[in-house]
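Work through the exercises below with the sequence and the 3D view open. Try each task before reading its solution.

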Amino acid sequence: MEKLINYLQKKLSLLKQISPTTDVSEETIKNVYAVYPFNRFEYIFVHLIAKHHQH
């Protein structure tokens, strides 16, 4: 799990550079409530995938 978190943090840093208006701040992610079937990891994945398909 630690490897996944580190990997996602690196990807989020890149996403912030590519798309500064996308709110993936730690505060926002901490406030994402886990509502089945989604949780904070899915929130991050969705934003990373969405920005990947736009570029």
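**Exercise 1.** Find the residues in contact with Thr22, leaving aside its neighbours within four places in sequence.

Solution. The model is a predicted one. A contact requires heavy atoms within 4.5 Å. With the neighbours within four places set aside, Thr22 is in contact with Leu15, His47 and Lys51. Take Lys51 from this list. Lys51 and Thr22 are 29 residues apart along the chain, and their C-alpha atoms are separated by 9.1 Å.

**Exercise 2.** Where in the chain does Thr22 lie, and is Thr22 buried or exposed?

Solution. Start with the place: Thr22 is in the loop that runs between helix H1 (2–18) and helix H2 (26–30). Next, take the accessibility. The relative accessibility of Thr22 is 11%. The cut-off for buried is under 20%, so Thr22 counts as buried.

**Exercise 3.** Which side chain makes a polar contact with the side chain of Thr22?

Solution. Look for a pair of N or O atoms within 3.5 Å. The partner is the side chain of Ser19, at 2.6 Å.

**Exercise 4.** Describe the chain as a whole: its helices and strands, its burial and its surface.

Solution. First, count the elements: there are three helices and zero strands, in the order α-α-α along the sequence. Second, consider burial: 20% of the 55 residues count as buried. Third, take the surface: the accessible area is about 4600 Å², and carbon and sulfur atoms account for 59% of it. Last, consider contacts between residues at least 6 apart in sequence: 55% of these join residues at least 24 apart.

Technical notes: Residues numbered from 1 in each chain as written. Predicted model: local features only at pLDDT ≥ 70, side-chain atom pairs only at ≥ 80, totals over all residues. Heavy atoms only, no water. Helix = DSSP H or I, 4+ residues; strand = E, 2+ residues; numbered from the N terminus. Buried < 20%, exposed > 50% of the residue type's maximum accessible area, 1.4 Å probe, protein only. Areas by Shrake-Rupley, 256 points an atom, 1.4 Å probe, with all protein chains shown as cover. Polar contact = N/O pair within 3.5 Å; in protein donor to acceptor, adjacent residues only side chain to side chain.
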